[in-house]
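Student: I have a chain to look at, and I want to go through its salt bridges. Can we work from the structure?

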Amino acid sequence: MGNSPLWKYCTREQCQDFILSLRLIPGGEKMSRKKQLSCLYTLSNRGSRNYRRVTIDKKDGGSRTLLVPCGLLKGVQRNILHHVLDERPVSSCAQAYRKGTDIRGNASCHLGKKLVLKLDISHFFDSILFPRVYGAAFPETLFPPAAAMLLTSLCCCNERLPQGSPASPAISNLVMRPFDIYMDGWCRERGIAYTRYCDDMTFSGDFDAAALCSKVRSYLEAMGFTLNEKKTKLLTGDVRQSVTGIVVNDKLQVSREYRKKLRQEVYYCKKYGIDAHLERVEADTGIRWEKERYICSVQGRLRFVLQVNPQDDEFAGYCREWKELFM
């Protein structure tokens, strides 16, 4: 409706009314109309000055750089998420950043399949540019153009979708919705299961992996994405098939290595005490844990094992013991 009668006759004041109706500024009801609008436009014009870079370690030994918004912009972006984006439809194939989904649900779709193909999108958030955010998240069929431009500016940094904004995950699902819908239909016709967890795509069934990769690659390239070829993995049934960290060959389970390491940690803490165990960890690895943080970490990992497999009586016992002894 960008060129339709609905927005064609929308006055500047009506557009501003629309923007204010979204209640974007935390505590904005205490501010005048003029001040609210001035605040939003100032934030949208500050660009990268609204963000700070934060580097976090990844499990594979690498690092990831986040662009974390300032407090006020983060509050505005949260309100964009809750007041604007939350109710927008996304594909059921999107298993991350959506209510009622988690890594267990993502993995369960691929349980006991002959082949599991895992593909990864390179630089996922950085590859989502301003025009695609505008068109997918704030289309002119739903928003006056001036409002859509402001919302897009509030959600982008340096013309890209920043990883670190509370609104970015939901926007990424909206951007990927056409791809998800198309690939879901294409795969269903061939008896293939497809899910996407952020930038990790998983396909399972009995299929021609080369043809499937070619189909995915061509569609993603048309959208401005590229596959991370180094992370492409084809897993047959005679090797461990792992999807988002969960083994899916016969039943949903965390890996044997994960269980073994966690079992050992619980044993050492019970036998020698947490303080002595953490001293040994620091001596062996150079990693220094705060006691309370370590206690919560082990408890969280025990709960993760049970989240994946609630019938795991062994780790249910460890979880009870840990809580009784150390929590």
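Tutor: This is a predicted model, and the questions below deal with its salt bridges.

Student: How many salt bridges are there?
Tutor: The rule asks for a side-chain nitrogen of Lys or Arg within 4 Å of a carboxyl oxygen of Asp or Glu. By that rule, the count is 15.

Student: Asp206 meets Lys114 in a salt bridge. How many residues apart in sequence are the parts this pair ties together?
Tutor: The N to O distance is 3.6 Å. Asp206 sits in the loop between β5 and α9, and Lys114 in the loop between α5 and β3. The pair therefore ties together parts whose separation in sequence is 92 residues.

Student: Is Lys114 buried or exposed?
Tutor: Exposed means over 50% relative accessible area. Lys114 has 54%, so it counts as exposed.

Student: Which helix holds Glu257, the salt-bridge partner of Arg240?
Tutor: The side chains of Arg240 and Glu257 meet at 2.6 Å, N to O. Arg240 lies in the loop between β6 and β7. Glu257 lies in residues 256-272, which is helix α10.

Student: Which helices does the pair Lys270 and Glu321 link?
Tutor: Their side chains form a salt bridge at 2.9 Å, N to O. The two residues are 51 apart, in distant parts of the chain. Lys270 is partly exposed at 40%, and Glu321 is partly exposed at 31%. The helices are α10 and α13.

Student: Which residues are joined into one network by salt bridges?
Tutor: Here salt bridges share partners. The residues joined are Arg259, Arg263, Asp312 and Glu314.

Note on methods. Residues are numbered from 1 along each chain as its sequence is written. This is a predicted model: local features need pLDDT of at least 70, side-chain atom pairs count only at pLDDT 80 or more; totals for chains, interfaces and linings use all residues. Side-chain values use heavy atoms; hydrogens and water are left out. Helices (H or I, at least four residues) and strands (E, at least two) are DSSP runs, numbered from the N terminus. Buried means under 20% relative accessible area, exposed over 50%, partly exposed in between (1.4 Å probe, protein chains only).
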